[in-house]
Structures are given as structure tokens and as C-alpha cells.
Amino acid sequence: PRRTRSLLFLLIATHCTAFIPFTQKNAPLNTLFSAKKDDDSLPPIPTEWQGHVLEALSSVIDPDLNADIVTLGFVKNLALEDRDVSFEVELTTPACPVKDMFAQECDSLVRNLPWTNDVKVTMTAQPSHMDTDTTGMAQIGAVIAVSSCKGGVGKSTTAVNLAYALQSMGASVGIFDADVYGPSLPTMITPDDDIVRFVGRQIAPLQRNGVRLMSMGYVNEGMAVMRGPMVTQLLEQFLSVTNWGSLDYLVLDMPPGTGDIQLTLTQKLNITAAVVVTTPQELSFADVERGVEMFDEVNVPCVAVVENMAYYQVDKKDVQIDEKALKEAFRKKLTDEGAVVNGKGAEGLALELVKLVQENQPEPPKIQIFGPGHKKRLSEQWGIEHTYSMPLMDKIAANGDSGTPFFLENPDCPQAEIYRELASAVVSEVAKAKFSNKNARPDITYDKEAHKIKVDGEFMKPATLRRACRCAACVEELTGKQILVASAVSEDIEPFKMGPTGNYALSVDWSDGHRSLYPYRQIRAVLQEKEESKNEKVSL
């Protein structure tokens, strides 16, 4: 009978479930009933099994270094036990944004080899170290300078939130406040424990949520009244006596300006990359130029620009509607018009209209208090691709004064996502700077006899490059309209001086008295256009 069969099935199901471990009772069916491949049905293990595994893994490409993980030497400790393959993938940093994707790809590729049974992939990172004479910094992987050319632009706010964004990606991070005259870190971050401890003859940094902290303000609450050379010597000693331990990134909150202190710190600390902080005003754009030029003097790449106070936007949830007044206005208008819909009078319709307004509130507009900013100009003239606009927010300011970093308290808000994007860009650019020649400066020279500019073996006329200038004098910034008349540029024009500016652009002084700045990607684009134009003529 049907009832008997149902009871029998229920009894069997109950007994079968009793033998399943408790932790797996709620697991998906494919997990419960999946089994390892039957060893007898698998093909024999090849003699050169390591080569088969590495060949499979060679299709996993690191997007930053533009090479496969086998060629880069990331695959470590490859082992085989019975038919179970295990290995480690040693990345350049534990904060690698694509580490989860790497793990999935590696597991899938090796598991698809016909002779394998199980696969274990362990993601690791290269040990942190740097070449430095500064005691206590030998185990630091990279030093990120956060700089501005004037105070009050939100540099320390950016440094603090960048550090915590890097930590959220899995990196070990420290922050060093290098501003002796006006240290900001003690106000912006209240440490978990403010007791200064010693490790041998060195000071142990304070900590907040695992991020290591050090500032003159933590150890000396008095005023710092001293001359520049004394400050430089003090900072160098301070860095030396701090026992940072092993860190992936040390975020250096630089003092504002481009003077002797900044240059000395940049030269002596072996800074890996710099982030420049500014505001949207025209005056601040000039500061960005000075900041990039300063870092260029000491061969430090400027990898990102943060434009603080770029706009003001009221939070949607903070927009309050006077429901009572709005309902009364709707009711009065509907009463005057004698409106009746589906038997509902003015009172009921007014209530529904109020709800409709609440549910369909538009996003508050972004008000650019200090102007439109210079993100496009930075990208076109300087080749700085990573530019970020941070809004003017009372919450960010309040967190800066309260001792709890904004990112730490609001990790899921849209503004925290901007800091997370900045951190991802820094991780990517640092990896390129340390481990790859992908973004190396092209070899650009001028052959005076041939009257041609040579770019990595390819040639172009000087006049072609001069006509491609996109500075404010040659191209209208707001509309992009060409101001420079191409026919006004003589074919005899030549570069008097050429040299790199930062890691991404070439500066050229022309014989007509003009100075141009070309991102390397723009120069490559000009060469590509020239080649495409040549091919079109050939096809015709």
C-alpha cells in the first residue's frame, strides 16, 4: 500500500541521516553524496606529474604583473600524496585583491587533471623586507607616503583610512605620523592601550585594532619648538628606535610642504610609492604639480591622487519631510478639486500621495562647493590614472575628532568603498613597482640628424608630438576643444630638453618656447594612430 511505502521510506531516510555527521546534516546534496574518484578507475599517475600540474597552473595570469604564476615563481611546495595534490601560491602581498579568484582557478585547473583525486591550495604571501639602513624597518614590505603641499586638505584623514582599508584586505599595516610640529594621529586614533613599552632598546608601537601606530604626540605631549635640521634628525632616530616588526605596508603621514624635511625623509626611507592629497581649487592643482615633481626628484612614483572635499551631498536618510504639512497641502488641493478615486476621498488620497513621495525620493544632488576639480586634467596631463573624489562629510570630520577612524566604524558605507578602491590601487601599483617592468618608462630619445623622436625603437616627427599636446594652453579644459592650430606648428620644431616627470609622463621643452607634458600612454596612442593611418593608406 502507498501508506506503507511512505512509512518505509521515512524510516530508511531517518536511519541514513543518523549516520551522517551532525555538521553535514544541513549541507547541500552534492556535498553529502559527492565522493572521491575511484582510484581504480583513474589513469596512472604520470612520471612527470609536476610538469603536468605546472602546465595547468600556467594559465593563471597575475593582472598586475602581466605574467602567469608559474613564470613568476609563485607556486611553492608542490607535493603529491597518493593522488592528492597540494601546493602553495605565494603572492606579492596578503592584500592581493584577486587572491580568492586565484585559489578557485588553481583548484579547478588541477582538479580537472584526470589522474588527480583531491586538491589543497594554500594562499600565502612573500615575507616583508626592504633594503634600508634604518633599524626597525628591515621587515617592512613597502612604505607608502601620503603627502600634500599645504595643511588642511585632509591628508592625515586619508592616511588613517587608507591604512585601515589596507588592513581590511588582509595586510599587516602601520602608520607613522611624521609631523613633529602638529601631530594628528593622537587625535584621530585612540590606541587600545596608551602605555609605551620597550622591546630591548626599541619602542614598541601602540596599536588600534591590529594597526600599529607611532607619533611624537603619543610619547611627548609638549610642544615641539626646533629648527628643521633637528626635526629631520629626530624623525630619523624616532623611526630607528621604533620596533615595527613585520609589516606589509607602513603608511607615512608626511608633514605638509616640499621642503628639506620632506625631501630628506623621502631619500632616506626608501619610499615605495606616494599618494598626493589635494582639494578641487585651482590653487591646489598647483600643489599637486609641486608634490609630483618633488617625488620625481627622488624617483618615487606618485600612484594616486585623492581630491578631498570634492562635493557635498546630504545623506538620503537625513532628508526629512514634514509629513503633516505635506498631507495637509495634498488634502486641501484634493478637496478644492473635489477629487474622489475608487471611493477614496481627499483624506485617504492625501495619505497615499505622502507615502508615494517618501518611497520615491531622488538621490540628493552632489554640490561642488569648491568647483569641478581636476581629475580629468590630472589623467590627461600627468598620466595619473588613479584619482579619487571624497565628499565633504560631517561624519568623516566627526570620526577624525573622536579617535575612531571613519573606515573602522563605517566599513560598509559608499565612502568607505572609495577608500577600499584607493587601497586596491595602491596594492596594485606597489606590486608593479616592486616586481614588474610592465609600466617601466619607455626609452625616448631625439635623433637630431634624422630629426625624429625615437620611442622604444619606433619613430615619429617632433611636430606630430608637439601637435598632440593637451595642456591648458593647447586644449580648452571644459570642452576639450583644440586651441592649438596644427598648421601653426612648424615641421622644423625640435625638442630642446626631454625628461621623465613622475613614473607616468614625459616633459618636453620645445624650440618654440612651449613646455609640454605627455603621459606615456598618450605617446603610445600617438604612435598607434600613426601606424593605423599608415596601414589605411597602404590598403587604399
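Strands here are DSSP runs of E of at least two residues, numbered from the N terminus, and two of them pair if DSSP finds at least two bridges between them. With that in hand, welcome to the tour; keep in mind throughout that this is a predicted model.

**Stop 1: the β10–β11 hairpin**

Select residues 206-208 for strand β10 and residues 211-215 for strand β11. Together β10 and β11 form a hairpin, with two residues between them. The pairing is antiparallel and runs over three bridges. To find your way across it, show R208, which stands opposite V211 in β11.

Now click on N209 in the turn. What is the phi of N209? It is near 55 degrees, a positive value in a residue other than glycine. N209 lies in the loop between β10 and β11, and at 42% relative accessibility it counts as partly exposed.

**Stop 2: the other neighbour of β11**

Keep β11 selected and add strand β7, residues 173-177. β7 and β11 run parallel, joined by four bridges. For a landmark on this side, display F176, which has M214 of β11 opposite.

Is β11 largely enclosed or not? Four of its five residues are buried, so the strand is largely enclosed by the rest of the structure. The cut-off behind "buried" is a relative accessible area under 20%.

**Stop 3: a second positive phi**

Jump to N77, which sits in strand β3, residues 75-81. Its phi is near 50 degrees, again a positive value in a residue other than glycine. N77 is exposed, with a relative accessible area of 57%. Colour it alongside N209, whose phi is near 55 degrees, and you have two backbone spots to inspect in a Ramachandran plot.

**Stop 4: salt bridges**

How many salt bridges does the structure hold? There are twelve. A handful of them make good stops.

- Select K155 and D253. Their side chains meet in a salt bridge, at 2.8 Å from N to O. K155 lies in helix α5 (residues 155-168) and D253 in strand β12 (residues 247-253), so the pair ties together parts that are 98 residues apart in sequence. Both K155 and D253 are buried.
- Select K432 and E429. This salt bridge spans 3.5 Å from N to O. The two residues are three apart in helix α16 (residues 414-435), which separates them by about one helical turn. K432 and E429 are both buried.
- Select D193 and R197. Here the closest N and O atoms of the salt bridge are 2.8 Å apart. D193 is partly exposed, with a relative accessible area of 28%, and R197 is partly exposed too, at 43%.
- Select D107, R111 and D118. These three are linked in a network of salt bridges.

**Stop 5: a contact across the sequence**

Go to helix α10, residues 282-297, and pick out F285. At 2% relative accessibility, F285 counts as buried. Then add H374 and draw a distance between the two C-alpha atoms: they are separated by 7.1 Å, although F285 and H374 are 89 residues apart along the chain.

**Stop 6: charge on the surface**

Finish by turning on the surface and selecting D443, D456, E458, E529, E531 and E532, which gather in a patch of negative charge. Which helix gives the most to this patch? Helix α18, residues 520-539, does, with three residues. E531 is found in this helix, and it is partly exposed, with a relative accessible area of 35%.

Leave that selection on and add K452, K461, K530 and K534, which gather in a patch of positive charge on the surface. K530 has its place in helix α18; at 41% relative accessibility, K530 counts as partly exposed. Helix α18 therefore makes a handy last selection, with E531 of the negative patch and K530 of the positive patch both on view.

Technical notes
Residues numbered from 1 in each chain as written. Predicted model: local features only at pLDDT ≥ 70, side-chain atom pairs only at ≥ 80, totals over all residues. Heavy atoms only, no water. Buried < 20%, exposed > 50% of the residue type's maximum accessible area, 1.4 Å probe, protein only. Patch = residues over 30% accessible without salt bridge, like charges linked within 9 Å, V, L, I, M, F, W, Y side chains within 5 Å. Areas by Shrake-Rupley, 256 points an atom, 1.4 Å probe, with all protein chains shown as cover. Salt bridge = Lys/Arg side-chain N within 4 Å of Asp/Glu carboxyl O. Lys, Arg positive; Asp, Glu negative; His and termini not counted. Charge placed at Lys NZ, Arg CZ, Asp CG, Glu CD.
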